[in-house]
Amino acid sequence: YNFSKVTKLTISIFDEVRKSADKKMGNAVFEIGEVLGSRGNIKAKKLKNGGTLFCRIVKAPSAGGMFHFQINGKGLKNVDGMFGKSDPFFEVSKLINAAGGATWQVVHRSE
């Protein structure tokens, strides 16, 4: 992590739907410098549709330029209705600045 460069981490939460498109439950953008500068290196973001995402970043010993982070979702909305149960997962994306413009590329999807 380079303190002189703003680095953002976008986390999106989805409900896995097996027979159709996954339903987006919400997303949050965390600026790594803000998380590292907060008490306990933990930052929380409220989701518009209910629930909260927490991001915690710790320095990884001898990680060779890597960092470890931990996310946690609390009180997420059940988007499958009264009789269904949501199967939330998250995606982590990075911003790619290419000749055609900036786009977000998924770098990890939870199970």
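This section describes a four-stranded sheet and the setting of one residue within it, T10, in a predicted model.

The sheet is open and comprises 4 strands in the order β2-β1-β6-β7, with antiparallel pairing. Its edges are formed by β2, spanning residues 23-31, and β7, spanning residues 101-109, each of which pairs on one side only. From one strand to the next, the twist averages 30 degrees.

Strand β6 takes part in two of the pairings described here. Towards β1 (residues 8-15), β6 (residues 88-98) runs antiparallel, and 6 bridges join the two strands. Within this pairing, S12 has E91 of β6 as its bridge partner, and T10 stands opposite S93 in β6. Towards β7, the direction is again antiparallel, and 8 bridges are found between β6 and β7. These two strands form a hairpin in which 2 residues lie between them. N97 stands opposite A102 in β7.

The surroundings of T10 were examined further. This residue belongs to strand β1 and has a relative accessible area of 8%. Because a residue is classed as buried under 20% relative accessible area, T10 is assigned to the buried class. Leaving aside residues up to four places away in sequence, T10 touches N27, A28, V29, E91, V92, S93 and W104. Among these contacts, S93 is also the residue of β6 that stands opposite T10, while E91 is the bridge partner of S12.

Conventions
Residues numbered from 1 in each chain as written. Predicted model: local features only at pLDDT ≥ 70, side-chain atom pairs only at ≥ 80, totals over all residues. Heavy atoms only, no water. Pairing = 2+ DSSP bridges. Axes fitted to C-alpha atoms, helices over the stretch in contact; angles between N-to-C directions. Buried < 20%, exposed > 50% of the residue type's maximum accessible area, 1.4 Å probe, protein only. Contact = heavy atoms within 4.5 Å.
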